[in-house]
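Colleague: Could you take me through one part of this model up close? I'm new to this, so plain words please.

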Amino acid sequence: MKKKIVFSGIQPSGKLTIGNYIGVIKQWVKMQNKYNCIFSIADLHSITTYKNNFDLNNNILDTLSLYLACGINPNKSIIFIQSHIYEHTQLSWILNCYTNYGELNRMIQFKKKIINNSKNINTGILFYPILMASDILLYNTSYVPVGLDQKQHIELCRNIANKFNNIYGNTFNIPKPCILKNGNRIMSLQETNKKMSKSDKNLNNIIYLLEKKKDVFKKIKLIKTDSKKKYKIKYNNNLGLLNILNILSGLTGKKINKFKNHFNNKIYSDFKNEASNIITIFLEKIQENYYNIRKKKSFLKDILNYGKIKAKKIAKKNLFKIIKKVGLKFKI
Ligand code: TRP
């Protein structure tokens, strides 16, 4: 039997965080062994809100290097730059015509983004989920591993695919989102009521995959505890500390209770130091890989070129079928 297809992507607009790793990239790495995986670097999505497009080329290579450093294997998976495959934008236009305005207008991310980008409310932000649906549907995807924030976009994608299939007969696979329960609970370090986000302006809320050791220690130290640092640890409802336990569990794959037992009877400062240490040891491995890979520009370009050729082949064939179905087949 043919392996099912997994598709996902990340925008190259910021540095990746441990939240991205635990919630999304870790899933990708695992799925490579069981499925045909296609991972995109979604540069077309990033220009909807991007502030300084001059850095885009470097950001793409940074993102690719991080994918590889985390364990994405270019011999197993297709990795490509979204804008290299014109079929995505072409399908996106077609799918625009099968999506209701109201469906787009009620997307939670759209509503948030127009608040955060009030000086640049371009229609790219509105049509963003349709381009995402095109990414997914163009490859006959079965599974889409993403963070919880993308769930609504995948639901829209499924609606569009169903609508199209109802009109033209079975054309698209209806993709399923893969969203980790625990991995999605990585919250901001200091403001634990919101998710850790790579675009947060308060850098003390984030640990980047490329974070320096001393900054990891500094940021963890800043987390508020109810009692003085010499007191024995009590989690109670301290979401900052519980978040750290989640992070440790997400990075190491060990159960939260294991860490709780380990820290039993220890004092706050020990907890913070040990936690920082565990996080740093994990990051150092990725960082060593990353800095090695990031230097090899021609190696990175070869991967993107190879990915482009492979993705293009699938995309071209599938788009051709879709174009015929909607009646765009005038021959000269
Ligand atoms: N919108 C996704 C994000 O910001 C990135 C993305 C683009 C994506 N195309 C996709 C994710 C297709 C999954 C499938 O994280």
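Which residues form one aromatic cluster with F164?

Modeller: Keep in mind that this is a predicted model. The cluster is made of Y98, F164, Y168 and F172. Let's start with Y98 and F164, which pair up edge-to-face: their ring centres are 5.3 Å apart, and the planes make an angle of 65°. That angle counts as edge-to-face because it is over 60 degrees. Now look at where the two partners come from. Y98 sits in the loop between α4 (87-96) and α5 (101-105), while F164 belongs to helix α8 (residues 151-168), so this pair ties together parts that are 66 residues apart in sequence.

Both Y98 and F164 are buried. For F164 the relative accessible area comes out at 0%, and since buried means under 20%, F164 qualifies.

Next, follow F164 to another ring, F172. These two are tilted, with 5.0 Å from centre to centre and 55° between the planes. Here the label is tilted because 55° falls between the cut-offs of 30 and 60 degrees. F172 is buried too, at 4% relative accessibility. So if you trace from Y98 to F164 and on to F172, you've walked through two of the pairs by way of F164. For the wider picture, the structure holds 14 aromatic pairs.

Conventions. Residues numbered from 1 in each chain as written. Predicted model: local features only at pLDDT ≥ 70, side-chain atom pairs only at ≥ 80, totals over all residues. Heavy atoms only, no water. Phe/Tyr/Trp six-rings, centres within 6.5 Å; stacked < 30°, edge-to-face > 60°. Helix = DSSP H or I, 4+ residues; strand = E, 2+ residues; numbered from the N terminus. Buried < 20%, exposed > 50% of the residue type's maximum accessible area, 1.4 Å probe, protein only.
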